Structures are given as structure tokens and as C-alpha cells.
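Thanks for making time this morning. I would like to walk you through one model, going from its helices to its sheet and then to a couple of loop residues.

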Amino acid sequence: MHRLLLLWLALAISVPAVAATPEEAAMGGLPHVAFPAPHRVASGRLQAGDIATLKRAGIRQVIDLSVDSETPGFDEAAAMRAAGIGYHNLPIRDAGDLTQARVAQFDRLLLDAGDQPTLVHCASSNRVGAMIALRAALIDGRSTEAALAEGRRWGLKSLEPAVRERLQAWSSDGTDAAAAPPAR
């Protein structure tokens with residue numbers, strides 16, 4: 001038992017900790033923040049005070065999946081543009097907006113962002129994760145389980161049953177885009 005404990009301690013000491021990049025450290029205070037892919041950040045709702053943080057972290061594009069009525073006192077589009085940050089809004093109200101057409105629009109926004117550091121957000125990153133999961137299945141051809149796992153990395157939580165339902169329906173009605181992803 002003592003040898004096992006010593007071995008575990010030796011391994012813990014010898015494995016270097018993965019340090020956050022300066023950009024990740026700068027954005028660590030954002031709600032529900034995750035750094036799931038190179039040049040991509042997922043987060044929850046932004047406030048006016050977060051814009052300086054995004055600028056310092058080098059964010060060049062913001063994709064907002066929120067509906068304007070969620071933040072009546074904050075004109076995020078105007079604030080981002082005034083700060084020199086590209087801004088795109090693809091409002092996803094609820095599970096009813098998780099459509100193949102919206103996934104295609106979302107994919108286009110991510111492709112247009114290219115390698116620019118881009119933040120994708122909604123109120124809690126749940127809609128972000130939902131759209132990422134749907135995109136992973138429909139565009140990238142991943143299995144339902146792999147797509148859901150990817151969505152969770154980006155913030156998918158309570159919308160997971162709706163995402164699973166859509167993926168199953170889309171594959172059973174012959175509109176399985178994973179079998180033939182749309183042209184980019």
C-alpha cells in the first residue's frame with residue numbers, strides 16, 4: 001500500500017501541470033468559459049465590462065447565439081464593433097431553433113472566422129454546445145455519441161436530450177447530413 005502511494009506521489013510530482021496560456025488566464029473570469037479548440041473560446045453571457053478582457057486576450061470575432069431581448073440594457077453588437085471586434089449574431093431561442101439550416105449558418109460563421117481567435121457564447125454556453133454537437137454530427141460526420149461529447153466540451157448541458165432527439169430524427173428520416181455533409 002505504501003509503495004502504491006509513493007508511486008502515485010512520484011507520478012504526480014513528475015507530470016508537469018498544463019499551464020493556462022496568457023489568453024486563457026485573461027478570460028478565466030468569464031462565466032462558463034471553456035477553451036475547447038485552438039483559436040476558439042466558449043462562454044456564457046457577456047457584460048460590457050468583459051470587452052476589455054476580450055481585447056487583451058486577442059479575441060477578434062464574437063459569435064453570439066443569444067436573443068437581443070436577453071440583454072436589454074447592453075447593445076453587444078455596437079460595443080463589440082466599437083472595440084474593433086467582429087460581431088455576428090445567430091439567435092437561438094430554444095430547442096426549436098436547433099435546425100439544420102441554423103447549423104449550416106453556424107458552420108459558415110465558424111469557417112469565416114478562420115484561425116482568428118473567436119469567442120462563441122450564449123447565456124450559459126449550453127446553446128453553444130448544442131450547436132457544436134449538431135455541427136459535429138451533421139458537418140463533420142461524427143457519431144451521435146462523439147458529437148454529444150464534443151458538445152459537452154463546449155458547454156452542452158440541458159439541451160442534450162433535444163440534440164440527441166434531433167440527431168436521431170434526422171438520421172431516421174433520410175436527412176442524415178453526416179452521410180453526406182453539405183458543401184462548404
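**Helix α6 and its surroundings**

Let me start with helix α6, in which 13 of the 13 residues are buried, so this helix is largely enclosed by the rest of the structure. Please keep in mind throughout that what you see is a predicted model. As for the geometry of α6, its 13 residues should span 18 Å at 1.5 Å a residue, and the C-alpha atoms at its ends do lie 18 Å apart, so expectation and model agree.

How, then, do helices α5 and α6 pack against each other? Two packed helices are generally described by the angle between their axes together with the distance between those axes. Here α5, covering residues 100–113, meets α6, covering residues 126–138, at an angle of about 95 degrees, and the axes are 10 Å apart. Because angles from 65 to 115 degrees count as roughly perpendicular, α5 is described as roughly perpendicular to α6. On the α5 side the contact is made by Q100, R102, V103, F106, D107 and L110, while α6 contributes M131, I132, L134, R135 and L138. Sorted by character, the residues of this contact comprise seven nonpolar, one polar and three charged.

Turning to the sheet, we have five strands forming an open sheet in the order β1-β2-β5-β3-β4, with mixed pairing. Its edges are β1, at 34–37, and β4, at 86–89, each of which pairs on one side only. Direction ignored, neighbouring strands in this sheet are turned against each other by 25 degrees on average. If you look towards the β4 edge, strand β3, residues 61–64, runs parallel to β4 and is joined to it by four bridges, and I63 stands opposite H88 of β4.

Finally, two loop residues deserve a look at their backbone angles. Most residues other than glycine have a negative phi. H39, although it is not a glycine, has a positive phi of about 70 degrees, and this residue lies in the loop between β1 and β2. S125 is not a glycine either, and has a positive phi of about 75 degrees; its place is in the loop between β5, at 118–121, and α6.

Are these two residues buried or exposed? With 40% relative accessibility, H39 counts as partly exposed, whereas S125, at 2%, counts as buried.

Note on methods. Residues are numbered from 1 along each chain as its sequence is written. This is a predicted model: local features need pLDDT of at least 70, side-chain atom pairs count only at pLDDT 80 or more; totals for chains, interfaces and linings use all residues. Side-chain values use heavy atoms; hydrogens and water are left out. Axes are lines fitted to C-alpha atoms, for helices over the stretch in contact, and angles run from 0 to 180 degrees between N-to-C directions. Helices (H or I, at least four residues) and strands (E, at least two) are DSSP runs, numbered from the N terminus. Angles under 35 degrees count as roughly parallel, over 145 as roughly antiparallel, 65 to 115 as roughly perpendicular and the rest as oblique. Contact means heavy atoms within 4.5 Å. Ala, Val, Leu, Ile, Met, Phe, Trp, Tyr, Cys and Pro count as nonpolar, Asp, Glu, Lys and Arg as charged, and the others, Gly among them, as polar. The expected span of a helix is 1.5 Å times one less than its number of residues. Buried means under 20% relative accessible area, exposed over 50%, partly exposed in between (1.4 Å probe, protein chains only). Two strands pair if DSSP finds at least two bridges between them.
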